[in-house]
Structures are given as C-alpha cells and as structure tokens.
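Hi,

Here is the structure I promised to pass on, with my notes underneath. Have it open while you read.

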Amino acid sequence: MKKRLPVDTQTFRRIREEGYIYIDKTKEALDLIQDYRFVFLSRPRRFGKSLFLDTLKEIFEGSKELFEGLYIYDKYDFEPHPVIKIDWAGDFKTLESTKEVALAIMESNQERLDISCKHTSNPSVCFKELLEKAYQKYGKEVVILIDEYDKPILDNVEKENLDVAKQNREFLRSFYTIIKSNDAYIRFAFLTGVSRFSRVSIFSGLNNLIDISLNPDFAYICGFLHSNLTNEFKEYTEGIDLEEVRRWYNGYNFLGEEKVYNPYDILLFLKNKQFDNYWFKTATPTFLIKLLKDRGYNTLQFENLEVSSRILDSFDIEDIEVETVMFQAGYLTIKDVKRRAGKTKYILTFPNQEVRTSFNDYILDYIVPNRQLKERIEDTLYDILAEGELDKLKDVLKSLFSSVPYQLFVRKDIRDTESYYSVALYMYLSGAGLQIEIEDTTDRGRIDLTAIVLDKVYIFELKMEGEGNPIQQIKEKRYYEKYLNYPEVYAVGIIIDSKEKTVKDVVWERVK
Ligand SMILES: Nc1ncnc2c1ncn2[C@@H]1O[C@H](COP(=O)(O)OP(=O)(O)OP(=O)(O)O)[C@@H](O)[C@H]1O
Ligand SMILES: [Mg+2]
C-alpha cells in the first residue's frame, strides 16, 4: 500500500504512527538542540514550521519510538524535558482578547504539565510562574516552543488597526522578556513565524536569540528538495514530468546550495495530479494590494529587485515596506547575493511559475476594471501564441493596452510611456500563464521579454514609432541563440504610436 500524503496534518505523532510520508528534518533538529539554545526561524506560510515545532516537542518529550529510522534516532538520548508550547491562534483584535488568548495558552500548559499557577490574571506573571514550577516539579530545564510568535501583530497591520498592533507588540515584548530573565531554567527555546521584526521592537531583551532564517546550514529546515520527489515521493511521481514540477513550484532560496519547494504545493499537486496555484490560493494578498496602491502596480520590478539586507530582516509596523512583506510572505525569493564594499545586497525575484502567474493575474484582476475582458484577453493571447498565429496578435494587443489604465502606472517607478507598455505586456503574458524570461533589465525602459509556450519561443521588442527596426535589434542582440533547442523561435516587434497610445503595428519573423 502506498504511504499517505500528509496534506491534512501537521502532527508529528500522527504522521509517524499512521503511515504518512515524512521528509526527515531531524538532522536539523539535532544540530539545533546540540549547538543552540535560543533560536528564531521565519518562513512563509505553509512551509512546515508547525510540523517542525511539533517534531521538537516529541524529541524533548522523549518519544523516542516515533523516531525509529530517522537520522536522530541513535544519536540522541531522548531524555524528557518539560515543554511549554505556545501557539498563538485566536482573536487578537484587541489587547484584551490577546491577553485572554495568552491566559488560555497558559492554562492548557498547566494542565498538560500538571501544574497549577497562583497568578492567573497576568499572562506574563503566569508564564514566569509556570516556568519556575515546571523546572522544580520535573527537576529538568524547561523547553519553550512558540508557534506564530508574530500573529497578534500581523493580524493588525492594516492601517486602521495599527494601534492594536502596537499594543499587542508591547504586550508580546514584555511576555517574551520572561524567557530572557529566566535563562537559568531554560534548556532550549524556539520561536517561529512568518515575519522578522526588527530585533529592538519585539525581542529587545533577548540578545542571545539567534536568527537562523538565512543561515545556509538550515536552508532546508523547512520545505522539500527536488530529490525528495524521486525518493520519498517516488510512488507518487512516476510518469510525471518533474522538470515541469520544478518550473512550477521549486525556486525558494534560503541560501542553501539547492532551492526548495513549499511542501503544501507538492503535497496538493501529488494528490490532485494537476498544476494549480495551491499555495497562492491559501491566502489573498489584499494587504499587499493596499501597499502597492501607493507606489504603482509595476510588477515587472519584482523580476529583479535589488534590496539591502535590512529590507529582508526587519518588518517595522511603523514603516511597512512592500519589499519586506513580499519577501517574508514568500512572494519573492533571493535570486542572487552581491557583496559590494562590505555591504550585502540581495537581488529578489518571483520564486516560480506559480507565484509569478498568480501574482500578476491577481494584480490584473484588481486594476483592469472589466474582469471578463481581462480573462478574454489572457485566453486569446495564450491561444494565439500557442498556435503561432501572429497575424492575430495586433488586435489582441490593442485591447490589452487599452484595458490597463495608464494613469495607474504613471507613478514614481514608471518613468516613461515605453515602460508602461512593457509592464502591461509583461503582466498579461505572465498572468496568462506563459513562461517568462527577462533578458536584461538594466535599463527598465527597454526590457527584453521572452515568452515560452509549449514548443514556441517569442522574443519581444517594444518600440516607439520611428525608433528603428525591432526585428533587426532582436537579431543583433542574439538573445534567440539561447533558445535554439526549441523547435520554433520568433522575433516579434511591437510598434507603438505614442500620440494615439495604441499599437501601430506588429512585425515578426521566425528566426528558427
Ligand atoms: N518534513 C515534512 N514531511 C512531510 N510533510 C511535511 C513536512 N513539512 C511540512 N509538511 C506538510 O506540509 C504542510 C504544511 O506544514 P505546516 O502546517 O507545518 O506549515 P506551517 O509553516 O506551520 O504553515 P502555516 O504558516 O500555515 O501555519 C502540512 O500538511 C505538513 O504535514
Ligand atoms: Mg503553522
């Protein structure tokens, strides 16, 4: 019988006892337990944070029998420790409700550890008492595991709730300080969540908390590798085009040698045997749309976005930056790291086809007033390019450009008319689900865009009327040489009448 896919559980015990496939992360767990004491990890949604935390819990509770066959099994003594588990789930819309959730969490820990605290009205005081009593009762240092450490803040980042976000942040800061001031009782503490707040704002006391989020040694602590598909998931992947799977879902880079998959995507894909935006669908980026509104919807910038390390690691509710949210939430990943004069710069991009297509499509839905028209344009564009019927391209491009409100783009990061056309074309091609390659974005006004659909490659060049011959330019730049392994390669020039703001002409030539 096939082993089961753990789509619907993040409980380590169930996975191990009920015949689910488990990708062994106990090497990372052991490394942490042996070399670290206060650890922080951030990963986007559905990356396996809760399952990893639960794995730590079983290790520290001494459930050795669950680990048979796994890396850690014969390398660790599994001596039981009292574990305090804090999972921030609940209603955080007011400071009072946050405190209530905290008290309920303290209560369930008391029950589990068979301890009763005297102080049951102030969560921080109760936390401190629980720690001390657990240490005394079991004669062992305590382990603290915190899931969604940032949820009470993240649930309130929208402008109208910022005051609550700040109050919750203050509350969490004092709550987490208990960890610092009770160092003597603690064996190990692990905090995880989606965001990385600037240290001062929430962990001001916790100087010894080590952030492993971008530590290459822990690059694979969450997520699946391509080799997992052919090993552990072999029974499910036979006959599947794994390179297509890679293009759709791989691509998250946490500075390891290899890129990783989001587990949720892979599990759902293997279950349904159909490409779909499983991960993207689990959350709607409405909050991001609001942020983008203020700076223009140029999604093309996200193909190649240079940021400083500060952008990656500090989420500041007083000054929320689009790049930070895009990266931490998992819509962008690291494409390249550059060191320049002692400073580290990161180049970000969309991780894969799923996110690129879904994100562009989502933004288009938002900015094209007529949604049916948008769908029709995407479908027609896809069909024309899949069939190679380039004579029909001019008409669809005309409706494409007229569907995207020009005013929305004439913002600080769109410098000229030509960029507007590039961005609109790019958004539609990506949104329609084509494979996109951006050859050169050094000059944002003149991107070279390549779209691949099935066995056909299209190299696009946008030109204002009278600015020279686009086909000749494509040939001179020789970008097409990269694609000579495809059966059909086309050079396509789109000539824009900038006065009338419309497509003057589409010229094309098959170069292979
Ligand atoms: N190492 C693994 N082996 C097998 N399945 C895994 C592994 N890691 C994660 N999964 C599966 O991936 C899914 C997502 O995991 P989990 O719920 O732990 O992620 P999360 O990061 O906590 O998500 P969220 O941010 O939504 O809380 C679950 O179905 C889980 O069982
Ligand atoms: Mg979780």
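Let's begin with strand 4, which is mostly covered: seven of its eight residues are buried. Keep in mind throughout that this is a predicted model.

Strand 4 (186–193) belongs to an open sheet of five strands, arranged in the order 2-3-4-1-5 with parallel pairing. In general, strands of a sheet pair through backbone hydrogen bonds, either parallel or antiparallel.

What does strand 4 pair with? On one side there is strand 3, running parallel to strand 4 and joined to it by five bridges. Strand 1 also pairs with strand 4 in the parallel sense, again over five bridges. A good residue to click on is A189 in strand 4: A189 is the bridge partner of I144, and A189 is the bridge partner of F38 too.

Now for the edges of the sheet. These are strand 2 (83–87) and strand 5 (210–211), each of which pairs on one side only. Strand 5 is held to strand 1 (residues 38–42) by two bridges, and the two run parallel. If you want to find the spot, V39 stands opposite I210 of strand 5.

Helix 3 (residues 49–60) packs on this sheet and touches strands 1, 2, 3 and 4. The direction of helix 3 makes about 165 degrees with that of strand 3 (142–147).

Next, a helix pair. Helix 4 (residues 95–113) and helix 7 (residues 162–181) have axes that come within 9 Å and cross at roughly 30 degrees. The crossing is right-handed. Which residues make the contact? From helix 4 they are L95, T98, K99 and A102, and from helix 7 they are V164, Q167, N168, F171 and F175. Sorted by class, that gives five nonpolar, three polar and one charged residues.

Last, the nonpolar cores. The largest has 131 residues, and A424 and Y428 are those with the most contacts inside it. Helix 20 (residues 417–431) supplies the largest share of this core, nine residues. Where does A424 reach, once its neighbours within four places in sequence are left aside? A424 is in contact with L400, F401 and V404. There is also a second, separate core of five residues, including L154, V164, A165 and V194. You have met V164 already, as one of the helix 7 residues in the contact with helix 4.

That's the tour, so shout if anything is unclear.

Cheers

Methods
Residues are numbered from 1 along each chain as its sequence is written. Chains are lettered from A and ligands numbered from 1 in the order in which they are written. This is a predicted model: local features need pLDDT of at least 70, side-chain atom pairs count only at pLDDT 80 or more; totals for chains, interfaces and linings use all residues. Axes are lines fitted to C-alpha atoms, for helices over the stretch in contact, and angles run from 0 to 180 degrees between N-to-C directions. Helices (H or I, at least four residues) and strands (E, at least two) are DSSP runs, numbered from the N terminus. A crossing is left-handed if the near helix is turned anticlockwise from the far one by less than a right angle, and right-handed if clockwise. Two residues are in contact if their C-beta atoms, placed from the backbone, lie within 7 Å. Ala, Val, Leu, Ile, Met, Phe, Trp, Tyr, Cys and Pro count as nonpolar, Asp, Glu, Lys and Arg as charged, and the others, Gly among them, as polar. A nonpolar core is a set of buried Ala, Val, Leu, Ile, Met, Phe, Trp, Tyr and Cys residues joined through C-beta atoms within 7 Å. A residue is buried if 20 or more other C-beta atoms lie within 10 Å of its own, exposed if 12 or fewer, and partly exposed in between; C-beta atoms are placed from the backbone. Two strands pair if DSSP finds at least two bridges between them.
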